[in-house]
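Let's take a friendly walk through a protein and its RNA partner. Keep the structure open beside you as you read.

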Amino acid sequence: MKALHEIVNMEMTVRVRFAPSPTGALHIGGIRTALYNYLYARQHKGVFVLRIEDTDQVRYVPGAEEYILEALAWVGLIPDEGVGFGGSYGPYRQSERKAIYYKYAHDLIERGKAYYAFDTPEELDAAREREPNFAYNYWTRERMRNSLTMKPSEVENLLRNGAPYVIRLRVEPGQDILVHDLIRGEVVFQSSELDDKVLLKADGMPTYHLANIVDDYLMRITHVIRGEEWLPSTAHHVLLYRAFGWEAHMPRFAHLPLILRPEGQGKLSKRDGVRFGFPVFPLSWKGATPEENFLGFREAGFLPQAVLNFLALLGWHPGGEQEVFTLEEMVNLFSLEHVSKSGARFDYDKAKWFNQRYILATDNTTLAQLIRPLAEKKGYRTDLPYLERVVALMKERVTLLTDFVEEGYYLFEPVRTYDDEAIQKRWNPALKPALEAIAERILTLQPFDAVTLEASIKALLQEQQLKVGEVLPILRLALVGTMKGPSVFDTIALLGPTETTERLRRGVAYFLQCQRSHVP
RNA sequence: GGCCCGUUCGUCUAGGGGUUAGGACGCAUCCCUUUCACGGAUGAAACACGGGUUCGAUUCCCGUACGGGCUGCCA
């Protein structure tokens, strides 16, 4: 018998789902949940389903669904089935499955597992106010207005007259509910502690609890991989599978640790992003008001693979000392057993480090294409050959894609600001002739490349008995305004003779002026 | 308050009855270097606490503390 069960399990293709709710921008934690689901599905040659849980009419936000699809596409977690991807278990948008939930909720009533409740929200509020720990359950429901306490004729009357009602799960005390969580092991609940959860709301929409059980069953979901915030309600979900008689088809559960805010307490929220100045969303989101605008990892200059790698390791590690993994490697190595149980703090520094690693590992042609739109937005030149050269010079010094055009702005436009402190330290009027000589020599230099430039300039300095370490820093300051940046010779080679001499001229003028204003 | 989950360097984590408790981020120092970075080297830095079990617990068990989640006609 057991062997048979195992064989059935083995042959059952894994089907997991990512089921976000379109109530705004998809949080980065949602992306991680999607990632783990995706990894699990791919590893088991299974199916990754995208289901949209839009049963809350009030919190529905237009554009949120499109955002979810775009975010998944950006990070490359493409569903096999679901909203926007087809499949034979649809529709995959819960608002389009209203009739299904209605039917199943009423089935439960017929089986005596659920009941009608006519208490208004106001009445419930009042009850909660009267009793601080009020729960609608086995002990309190007899004082409430529901089909368990009212006369059948009265209930029928209310129903016929279209009185608003909800359907509640009838939770009977005295049952042990055992959840075998793939990450946490056995978790036990007592039904006596559970309330009679609303299954169908007065507007005819199901609650999450009903919808997720009905859909997971109908969509043949085998593994539910979701956030830890769902662990407590899993007890209700088990009860629902029992009530429907589907316990044998109940999926396996795995509850993921939460992503915590970088400091302080609580889970990471969208507010933390604006507070600490880093993205907590995959893509930027334009809200109705400026306070509801949020920065995305994409717009902040992250590579999607870096984001995935970072998120993957926020709560999972295969063991060993490797930190950088391709998606394919993650698919091969992933296992729920290696997902940690405790919450993980969001570490933006680590995220940036991953991005730096991925930029370094990305070829120049690809990077040039990636920064092209950024250059375009700034009004910079956008020809790929030039961008590739910029990338080659800057890639070891950036952490974000945006750094190419921010940190390296001087490769596209004249120096905006000079580092006065460095000028104070490096400038010496005696250096003026040297810079002028360099400018002059550069004009006729052939070929105009870094190697030739270095040889030529160093020779010139030697002729004039000047130290390289004395002249190069001030040369750099004239060219780019700062002490940071790529090799001076590489920079000159990229800027070209005309631009270089112009910058030297401007630089010297600035240094002289700087010097004057600093002499007491 | 009740229920549930958790606890290894500041952070992400590896490990697991006997280890110099490993790696990574960040930090510090040094090397390389015209600068910054990259790269290399080194360093500071952890098993929450108390009881058991055991020859021996950071590892297993129980408490406590602390943290987190849930407690909605939200998901």
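We begin with a pair of charged side chains: E81 and R15 meet in a salt bridge, with N and O 2.7 Å apart. This pair ties together distant parts of the chain, since E81 belongs to strand β3 (residues 81-82) and R15 to strand β1 (residues 15-18), 66 residues apart. Both E81 and R15 are buried. Keep in mind that this is a predicted model.

Why can such pairs form? Side chains of opposite charge can pair when their charged atoms come close. In this model the count comes to 34 salt bridges. Here are three of them.

| Salt bridge | Closest N to O distance |
|---|---|
| E81 and R15 | 2.7 Å |
| D215 and R51 | 3.8 Å |
| E502 and R505 | 2.8 Å |

The salt bridge between D215 and R51 also links distant parts of the chain: D215 is in helix α7 (residues 208-218), while R51 is in the loop between β2 (47-50) and α3 (64-75), 164 residues apart. Is D215 buried or exposed? D215 counts as buried because its relative accessible area is 0%, and R51 is buried as well, also with 0%. These two residues are part of a network of salt bridges that links R17, R51, E53, R97, D215 and D216.

The pair E502 and R505 is a local one: both lie in helix α22 (residues 497-518), three residues apart, about one turn of the helix. E502 counts as partly exposed because its relative accessibility is 32%.

Next, look at the strands. All five residues of β9 (residues 223-227) are buried. Strand β9 pairs with β10 (residues 252-256) in the parallel sense over five bridges, and V224 has F253 in β10 as its bridge partner. Together, β9, α8 and β10 make a right-handed β-α-β unit.

Now for the RNA. Which residues come nearest to RNA strand B? Of the 65 residues around the strand, they are R184, K201, Q265, E396 and R397. By class, this surface has 24 nonpolar, 17 polar and 24 charged residues. Helix α13 gives the most to the surface, with five residues.

Of the RNA atoms within 4 Å of the protein, 70% belong to sugar or phosphate. For example, a phosphate oxygen is 3.3 Å from a side-chain N or O atom of R128, and a backbone N or O atom of Y208 lies 3.0 Å from a phosphate oxygen. A polar backbone atom of M483 is 2.4 Å from a sugar or linking oxygen of RNA strand B.

Notes:
Residues are numbered from 1 along each chain as its sequence is written. Chains are lettered from A and ligands numbered from 1 in the order in which they are written. This is a predicted model: local features need pLDDT of at least 70, side-chain atom pairs count only at pLDDT 80 or more; totals for chains, interfaces and linings use all residues. Side-chain values use heavy atoms; hydrogens and water are left out. A residue is near a molecule or strand if one of its heavy atoms lies within 4 Å of it. A polar contact is a pair of N or O atoms within 3.5 Å; within protein, one must be able to donate a hydrogen and the other to accept it, and residues adjacent in sequence count only if both atoms are side-chain atoms. Helices (H or I, at least four residues) and strands (E, at least two) are DSSP runs, numbered from the N terminus. Ala, Val, Leu, Ile, Met, Phe, Trp, Tyr, Cys and Pro count as nonpolar, Asp, Glu, Lys and Arg as charged, and the others, Gly among them, as polar. Buried means under 20% relative accessible area, exposed over 50%, partly exposed in between (1.4 Å probe, protein chains only). Two strands pair if DSSP finds at least two bridges between them. A crossover is right-handed if, with the strands pointing away from the viewer, the path from the first strand over the helix to the second runs clockwise. A salt bridge is a side-chain nitrogen of Lys or Arg within 4 Å of a carboxyl oxygen of Asp or Glu.
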